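This report describes one protein chain, beginning with how far the model can be trusted and ending with single residues. Please look at the sequence and the structure before reading on.

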Amino acid sequence: MSYKKVKLKTIDNKIYEVPIDILRKCKLISGLVEQASDESKIILLREVQAKQLEEILEYLKHYKNFEPKKIPKPFPERTDEKFLRGILNDEWTYNYIQSLSIDEAISVVNAAHYLRIKGLLRILAAKLSYEMCNCDVEEAREKFGIECDMTEEEIERIRSEERRVGKEC
């Protein structure tokens with residue numbers, strides 16, 4: 001068992017001393033640690049804030065010795081909470097992703113992508129897919145902060161076409 005630690009510095013200047021064995025699933029840091037000759041060096045995480053790193057470290061500690069369950073592809077159009085619980089590895093994973101707001105999940109996805117942590121990307125993608133699949137366009141815009149770039153006339157034309165097509169089916 002390794003007790004070696006590495007120091008990680010976030011862009012908001014917080015320094016974390018983390019056991020190297022927890023960081024094995026983080027491809028970016030693993031590669032930098034292997035290249036480093038001096039253990040006292042601090043690794044600057046140029047695209048990671050402290051809050052993001054704390055969420056990531058929580059995930060890495062939990063999955064230190066195993067991988068999260070593979071997420072089915074393609075993700076079903078409509079899902080329910082029972083389905084989401086079923087595709088995730090355990091109750092801890094479900095609670096972890098549900099504890100994150102959509103904005104926090106997107107933020108952690110960006111940091112996990114930078115750090116190259118595939119398993120975390122998969123479970124957060126499942127959360128975001130679940131959130132998006134279970135709402136209509138207007139709800140999705142509101143949840144994800146997406147501005148509509150269409151005019152009222154364009155929106156009404158699309159709705160009218162949807163109603164017409166719905167009657168023909």
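Among the elements of the protein chain, helix α2 has the highest mean pLDDT, 96, and helix α3 the lowest, 75. These scores belong to a predicted model. Over the protein chain the average pLDDT is 84, and 89% of the residues reach at least 70. Where pLDDT is low, the predicted coordinates should not be read in detail.

**Overall layout**

The protein chain contains 8 helices and 3 strands. In sequence order the pattern is β-β-α-β-α-α-α-α-α-α-α. Of its 169 residues, 36% count as buried. Among contacts with a separation of 6 or more, 63% are between residues 24 or more positions apart. The protein chain exposes about 10,900 Å², and carbon and sulfur atoms supply 50% of that area.

**The nonpolar core**

The largest nonpolar core has 45 residues, and those that touch the most other members are L8, I29, L45, L60, L115, I117 and L120. At least two residues of this core come from each of β1, β2, α1, α2, α3, α4, α5 and α6. Helix α5 gives the largest share, 8 residues. For one of the well-connected members, L120, the contacts beyond four places in sequence are I56, Y59, Y96, V108 and A112.

**Helix α4 and its aromatic residues**

Which residues of α4 are buried? They are T93, Y94, Y96 and I97. Seen down the axis of α4, these buried residues fall within an arc of 160°, so they line one face of the helix. The elements that cover them include α2, α3, α5 and α6.

There are 5 aromatic pairs in the count. One of them joins W92 and Y96, which are stacked, with 4.9 Å from centre to centre and 10° between the planes. Both residues belong to helix α4 (residues 91–99), and because they are 4 residues apart, about one helical turn separates them. An α-helix has 3.6 residues a turn, so residues three or four places apart point the same way. The two partners do not fall into one exposure class: Y96 is buried, at a relative accessible area of 2%, whereas W92 is partly exposed, at 25%. The cut-off for buried is under 20% relative accessible area, so Y96 meets it and W92 does not. W92 and Y96 also belong to one aromatic cluster with Y59, Y63 and F66.

**Two charged residues**

Is K127 buried or exposed? K127 is buried, with a relative accessible area of 3%. Its place is in helix α6, which spans residues 118–133. Leaving aside neighbours within four places in sequence, K127 is in contact with I97, Q98, L100, S101 and A105.

E17, found in strand β2, is exposed, with a relative accessible area of 52%. Beyond four places in sequence, E17 is in contact with K5, V6 and K7. The C-alpha atoms of E17 and I42 are 9.2 Å apart, while the two residues are 25 residues apart along the chain.

The table lists the exposure of the four residues discussed above.

| Residue | Relative accessible area | Class |
|---|---|---|
| Y96 | 2% | buried |
| K127 | 3% | buried |
| W92 | 25% | partly exposed |
| E17 | 52% | exposed |

Conventions
Residues are numbered from 1 along each chain as its sequence is written. This is a predicted model: local features need pLDDT of at least 70, side-chain atom pairs count only at pLDDT 80 or more; totals for chains, interfaces and linings use all residues. Side-chain values use heavy atoms; hydrogens and water are left out. Buried means under 20% relative accessible area, exposed over 50%, partly exposed in between (1.4 Å probe, protein chains only). Contact means heavy atoms within 4.5 Å. Accessible areas come from the Shrake-Rupley method with a 1.4 Å probe; for residues, only the protein chains shown count as cover. Rings of Phe, Tyr and Trp (its six-membered ring) pair if their centres lie within 6.5 Å; planes under 30 degrees apart count as stacked, over 60 as edge-to-face and the rest as tilted. The arc is that of the directions from the helix axis to the C-beta atoms. A nonpolar core is a set of buried Ala, Val, Leu, Ile, Met, Phe, Trp, Tyr and Cys residues joined through side-chain atoms within 4.5 Å. pLDDT is the predictor's confidence in each residue, from 0 to 100.
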